[in-house]
Amino acid sequence: MEQKDDNISAMCKPAVGEAGRTGDWRDATPVIDHSKCIASVKNRPACYLCWLYCPDGIVTAGVPVRIDLEYCKGCGICAEECPAKAITMVMHGEDGK
Amino acid sequence: MSHVEIMTGNQAAAWGAKLAKVQVISAYPITPSTPVTETISQWVERGELKSEYIRVESEHSVMTVCVSASSVGARTFTATCSHGLLYMHEQLHWAAGSRLPIVLACVNRGVGAPWSIFNDQQDSIAQRDTGWIQIYCRDNQEILDSVLQAYRIAEQVYCPVMVCYDGFILSHTMMPVEIPAAEQVDRFLPPYKPHTILSPEEPRNINPVIFPWQRRDAEGVLRDGYMDIRWKLQNALEKSRDVIVETGREFAEAFGRDHGGMLWTYLTEDAEVLIAGMGSLATEATTAADILRGEGIRAGAVGVRVYRPFPRAEVREAFKNAPAVVVFEKDISYGYEGALCSDIKAALYGAGIRTPIHNFIAGLGGRDVKARELAEAVRSSLAAIAAGTNERQTWLNCVTE
């Protein structure tokens, strides 16, 4: 049998996904061109302005840089701030893909 | 040992909080409720009450402090009224929605505009739909006793309770009040067990954004949506009636004083007319019933003690055989009628009772209401009912032309 919510007020334990998977809010998806991304080109931690500016904290500052599309709302700030113009916002079609 | 002292209604409320060993008090002064927390602050300052007294800049903050303190497991108390209560309005919803057993003494006072510091019940009636239980007291003893009962009720059903009593009429009037022994209160009132404790060991998000629909959490448990949680609050208030009645009964057994659970009656059995009201106005109604009986009119009085949850069954029982009902109240739902009158009518509808009901709006902004004026109003209503007027609204002692 399914476990019932026995809380009498709204609460949850802090965990990944507790605020809802917000990736489906997105109308445009950021796509990284790693031949332009400074961290990838230098092959060492560098720049990371996308990570710094992402309001949802879903950019991983690694080599290469990764964006968690489960939570990315598609705001496009990373693409706007990228000094190498390595991120392109690809608009979804009318079918939502 | 219990002992009797002569005290005001405000002191009685403070004594209730002291005996309940409240752990956190927050308040902002407002007439006529100020002496409640003034008294408590003196006890805290002298070390007679081991509590945190938190001073803030507004009533809105008062209730946020109460919500926070109650969330981490503290028994919490405050007192306010009128504009202070209205300023708290948003946080009253938060307290109830968070299911926190906070107790608030509401010293009923009219609301502006224009300014009035005097008594009516518009302030607490305007908070009717916040999800708080509301108890209306008749005298100072009932105020002290109701604060104790309020904690026991609140902490069982996890809903906040407003203990309401009329400003100045009770708050500043002295009466003999029996102060029960602390050990006796401890036996009656077990320690507060919070339904959730917010603690660093087990972090939680409390009241995050809730979507309209149900949703699986990170562990895969299907969590309530907004509406499911709100139904739980409604269900808790509906079910709290039994707890309120049982608490009143057990209080009577332990302390020898029975204030009635949801509703009390006076000389109703053979009555040809019932006078209904809440708080001190209902006490006045008992005197009016005596006056009318002295004149050969078999009158009785019904006091609605708990307004939310509304005593649906008790109202039906009390009014089912009454040939006439006259409701006096110190509030008005502008554009319609007195809120109590509407609720009484609504309760009777479901039982098919078609008693004529007259509504008197009385004593707004502290206008005096005397028992003989109530008796006179009842006589005029009986004459109108005999002439076929089943429904009537009258503003007592008021220029309406």
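This report describes a predicted model, its central sheet in chain B and the contact between chains A and B.

## Model and conventions

Residues are numbered from 1 along each chain as its sequence is written, while chains are lettered from A and ligands numbered from 1 in the order in which they are written. Because the model is predicted, local features need pLDDT of at least 70 and side-chain atom pairs count only at pLDDT 80 or more, whereas totals for chains, interfaces and linings use all residues.

The average pLDDT (the predictor's confidence in each residue, from 0 to 100) of chain B is 96, and 100% of its residues score at least 70. The model has an ipTM of 0.80 and a pTM of 0.89.

## The sheet of chain B

Helices (H or I, at least four residues) and strands (E, at least two) are DSSP runs numbered from the N terminus. Two strands pair if DSSP finds at least two bridges between them. In chain B, seven strands form an open sheet with mixed pairing, in the order E3-E2-E4-E5-E7-E6-E15. Strands E3 (52-55) and E15 (306-308) of chain B are the edges, each pairing on one side only.

Strand E6 (residues 133-136) of chain B runs antiparallel to E15(B), and two bridges join them. Here B:Ile135 stands opposite B:Val306 of E15(B).

## Contact between the chains

Contact (C-beta atoms, placed from the backbone, within 7 Å) links 23 residues of chain B with 16 residues of chain A. Strand E9 (205-206), strand E11 (222-223) and helix H9 (226-255) of chain B each give two or more residues to this side of chain B.

Strand E1 (residues 11-12) of chain A pairs with E9(B) in the antiparallel sense over two bridges. Within this pairing, A:Cys12 stands opposite B:Asn205.

Notes
Two residues are in contact if their C-beta atoms, placed from the backbone, lie within 7 Å.
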